[in-house]
Amino acid sequence: MAKLILQSVLFQGKKQDILISEKKFSKVGQPLTERDREKAEVVNCDGLAIVPPFYNGHCHAAMTLLRGYADDMPLQEWLTKYIWPFEAKLTNKAVEIGTRLAVLEMIKSGTVFFADMYWRREYTMKVVKEMGIRAAIGVTFAENLDTPEHIEENFDFVRKHLHESERVQIAVMPHSIYLVGEKLFKRCAKIAHEEGMVLHTHLSETLKEVRDCNKQHGCSPVELLDRYGVLDENLVAAHCVHLTDCDMSLMADAGAASILNPCSNLKLGSGIPKIAKMLDSGMLLGIGTDGASSNNNLDMHEDMKLVSLLAKANGRADTLPACEVLNMATAHGAMAYNIPAGVISEGFLADALLLDLKNERLNPLHNLESNWVYAADSSAIHSVICNGKFVMRNRHVDGEEDIVKEANACALKLAGK
Ligand SMILES: [Zn+2]
């Protein structure tokens, strides 16, 4: 098994040698022996610092093809006039090409995992396997689009792909309470529970969703899921913009996680999640980008900084300090999807970013975490490691020029340009 030594890398304020073997961090913060060094590839990391990478808890990867296609209009008009007609034209190949562009962008901005809710999942999975990062690939359910046959095919797919591969997990993804009814939602939760998979859904994203739910069911969307009996530690809910105090304590008590997507929420005019209150409730919070048609990028760093700033909108500057929001975007995101990663520590999976200490935004170096969270952007990322292997080295990803060219040609053709 390949061994890697990151030599003289800055970690916790001092230069150290870190050993990666068996795809895990095997020695951090202690001297390496001759035996450790045997047959290891040594990488000189002088001038580089190591930090955990990002885990993107909510995304629709192939929607990169729709980046900049339609913006700045009300949600309903945006969906019905532009997004849905464009998506109806997407082929298997287009999903593959769009996902490749998404994964390239994510790697270059320091992300090694994404949870993907989309269709034609085989093609998303193919790209993830090829490009060396991790994903939770969604089996997506939406009753307005799926025929009964599709729904049964989805359940068959779940059963056949229980433990897909070491970097890819399957997650059961009923789209939302407004596109999936009680019976199907319960069935999704049951299979996810039985097979130890994550159940992922959009939840309380817009005021319309909350009002409609109250009108139809006499309760909030979170209370509805509680009533269905599916609110537990298996549930990872995206958005949660409009939670009541009661919703928050229900989710915290159940151990359900929430993924914040503030760039998308602000751009679509959906609102601002009550981050400080959510933190106080004890909920597990991660961060996601959502799709590139509503963000419009997949840069977790931007969302991380925004989460930290919006949390302080309660008037208290000590809410969610840099180290805590960094944890949210890294370790807590990994935890929500049951991945033992996101921490540079012995026994954890070897996922990491190497930051270039020469980058102007990382200087002067009073405090690396502060500089990384509040000052820097992805241009400070020198290299990205996932599962003990470099997926970007010295800012280069294999095949990147062709990926961009192919995505551009495909998107313009689909748009009829
Ligand atoms: Zn979404």
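**Notebook: helix crossings, domains and backbone oddities**

I began with helix α3, where N92, V95, E96, T99, R100 and V103 meet Y123, T124, K126, V127, V128 and M131 of α4. I sorted the residues of this contact by type and got six nonpolar, three polar and three charged. A reminder to myself before going on: this is a predicted model.

Next I looked up the geometry of the pair. The axes of α3 and α4, the latter covering residues 121-131, come within 8 Å and cross at roughly 40°. I noted the hand as well: α3 passes α4 in a right-handed crossing.

**Second partner of α3**

I stayed with α3, residues 92-108, and turned to α15, residues 400-414. Their axes come within 9 Å, with a crossing angle of roughly 135°. Is that pair oblique or roughly antiparallel? I checked the cut-off: roughly antiparallel needs an angle over 145 degrees, so α3 and α15 are oblique to each other. The crossing of α3 and α15 is left-handed.

I then listed who takes part. From α3 I have A94, I97, G98, R100, L101 and L104, and from α15 I have E400, I403, V404, E406, A407, C410 and L414. By type, the residues of the contact of α3 with α15 are nine nonpolar, one polar and three charged. R100 caught my eye, since I had it in my list for α4 and I have it again in my list for α15.

**Stepping back to the whole chain**

I counted secondary structure and found 15 helices and 16 strands in the protein chain. Along the principal axes, the C-alpha atoms fill a box of roughly 65 × 50 × 40 Å. I also asked what radius of gyration a compact globule of 417 residues would have. The expected value is near 22 Å, and the chain has 21 Å, which agrees.

**Two domains**

I looked up how the chain is divided. Domain 1 takes 3-52 + 349-397, and domain 2 takes 54-336. Their centres, taken over C-alpha atoms, are separated by 29 Å. Across the boundary, I find 17 residues of domain 1 in contact with 22 residues of domain 2.

Which elements give two or more residues to the side of domain 1 that touches domain 2? I have α14 (368-375), β15 (381-386) and β16 (389-392). The largest share, four residues, comes from α14. This side of domain 1 divides into 10 nonpolar, three polar and four charged residues.

**Backbone oddities**

Last, I went through the backbone. Most peptide bonds are trans, and most residues other than glycine have a negative phi, so I wrote down the exceptions I came across.

- The peptide bond from N295 to N296 is cis, with omega near 5°. I placed N296 in the loop between β13 (284-287) and α12 (300-311).
- N363 and P364 are also joined by a cis peptide bond, here with omega about -5°. P364 sits in the loop between β14 (352-356) and α14. I had met α14 already, on the side of domain 1 that touches domain 2.
- K39 has a positive phi, near 55°, although K39 is not a glycine. I found K39 in the loop between α1 (34-37) and β4 (40-44).

Key
Residues are numbered from 1 along each chain as its sequence is written. This is a predicted model: local features need pLDDT of at least 70, side-chain atom pairs count only at pLDDT 80 or more; totals for chains, interfaces and linings use all residues. Axes are lines fitted to C-alpha atoms, for helices over the stretch in contact, and angles run from 0 to 180 degrees between N-to-C directions. Angles under 35 degrees count as roughly parallel, over 145 as roughly antiparallel, 65 to 115 as roughly perpendicular and the rest as oblique. A crossing is left-handed if the near helix is turned anticlockwise from the far one by less than a right angle, and right-handed if clockwise. Two residues are in contact if their C-beta atoms, placed from the backbone, lie within 7 Å. Ala, Val, Leu, Ile, Met, Phe, Trp, Tyr, Cys and Pro count as nonpolar, Asp, Glu, Lys and Arg as charged, and the others, Gly among them, as polar. Domain bounds come from an automatic or database domain assignment. The radius of gyration is taken over C-alpha atoms; the globule rule is 2.2 Å times the number of residues to the power 0.38.
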